[in-house]
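Me: Please take a close look at one part of this model, the largest pocket. I should like a connected account of its lining and of the elements that contribute to it.

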Amino acid sequence: MAGPRVAVGLVHYPVVDKNGREIASAVTPTDLHDLARSSRTYGVESLWIITPLRDQQKLAVRMMRFWQKGVGAGYNPNRGQALDLVRIVGDLDQALAGQVGIWQEEPLVWATSASQEFDKRLGFTPAREIIHRSRPVFLLFGTAWGLAPEIVERCDRILAPLQGPGKYNHLSVRSAAAVVLDRLLGLSEGEEDEPY
């Protein structure tokens, strides 16, 4: 049986700021590095960086080239290998079309959110079951203060928020993505290969 098929989209537009206004956020090298490394570790097939801003796209390409073909390739080849997963596109439609072209199948589209306010909520246990036994999943993470409502509305489900024991709840997107990917795709204690 084939393993789970998961792609990740890191959305920079449309996202919201702390006041709920729709914005485009900046691409940060740390997010690209860390999400690519987490994605490679957990078997994600593609990491889509979604921004319409040309200068931000060029920044991402320049950073990737440094680690894939420049001085960084000799210094740390593992980083370039992780960045091979990255695809840069202008909007979500392009990312979804690109991934459908790879899979030849429409994926389920899931969003992540720290908010408790959404319908279509999906807990991690049933989400893990779906990923391991059903259709491929395109998993969206938002930058800034989260995905804009228009993106959330397009999603089939919204994963339950990550929550620590206290009231503070403001993880970086790269930290949240690592936790989410581990919950959905990581091996349980004692497992040595595919859990299903």
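Reply: Helices here are DSSP runs of H or I with at least four residues, strands are runs of E with at least two, and both are numbered from the N terminus. The model is predicted, and the account below starts with the pocket itself.

The largest pocket holds about 860 Å³ of space. Its lining comprises 33 residues, of which Ala114, Gly142, Ala144, Trp145 and Gly146 are the closest to the centre. Two or more lining residues come from each of strand S8 (137–142), helix H7 (149–154) and helix H8 (173–185). The greatest contribution is that of H8, with four residues. In terms of residue class, 19 members of the lining are nonpolar, eleven are polar and three are charged.

Among these contributors, S8 merits a closer description. Six of its six residues are buried, so S8 is largely enclosed by the rest of the structure. The cut-off behind this statement is a relative accessible area under 20%. In a regular strand, side chains alternate between the two faces of the sheet. In S8, Val137, Leu139 and Phe141 point one way, while Phe138, Leu140 and Gly142 point the other way, and all of them are buried. Gly142, from the second of these sets, is also one of the residues closest to the centre of the largest pocket.

S8 also has strand partners. Strand S1 (residues 6–11) runs parallel to S8 and is joined to it by six bridges; in this pairing, Leu10 has Phe141 as its bridge partner. Strand S6 (residues 108–112) likewise pairs with S8 in the parallel sense, over four bridges, and here Val109 stands opposite Phe138. Phe141 and Phe138, the S8 residues named in these two pairings, point opposite ways from the strand.

A further site, at Glu22, can be set beside this. Glu22 belongs to strand S3 (residues 22–23) and, in contrast to the buried residues of S8, is partly exposed, with a relative accessible area of 41%. Apart from neighbours within four places in sequence, its contacts are Tyr13, Pro14, Val15, Val16, Ala148 and Glu150. With Tyr13 there is also a polar contact between the two side chains, at 3.1 Å. Glu150, another of the residues in contact with Glu22, falls within the range of H7 (149–154), an element that gives two or more residues to the lining of the largest pocket.

Technical notes: Residues are numbered from 1 along each chain as its sequence is written. This is a predicted model: local features need pLDDT of at least 70, side-chain atom pairs count only at pLDDT 80 or more; totals for chains, interfaces and linings use all residues. Side-chain values use heavy atoms; hydrogens and water are left out. Buried means under 20% relative accessible area, exposed over 50%, partly exposed in between (1.4 Å probe, protein chains only). Contact means heavy atoms within 4.5 Å. A polar contact is a pair of N or O atoms within 3.5 Å; within protein, one must be able to donate a hydrogen and the other to accept it, and residues adjacent in sequence count only if both atoms are side-chain atoms. On a 1 Å grid over the protein atoms alone, a cavity is a set of points where a 1.4 Å probe fits but cannot get out, and a pocket is an open set with protein on both sides within 12 Å along at least five of seven lines; lining residues have an atom within 4 Å of a point. Grid points are joined across faces, edges and corners, and a volume is the space filled by probe spheres set on the points. Ala, Val, Leu, Ile, Met, Phe, Trp, Tyr, Cys and Pro count as nonpolar, Asp, Glu, Lys and Arg as charged, and the others, Gly among them, as polar. Two strands pair if DSSP finds at least two bridges between them.
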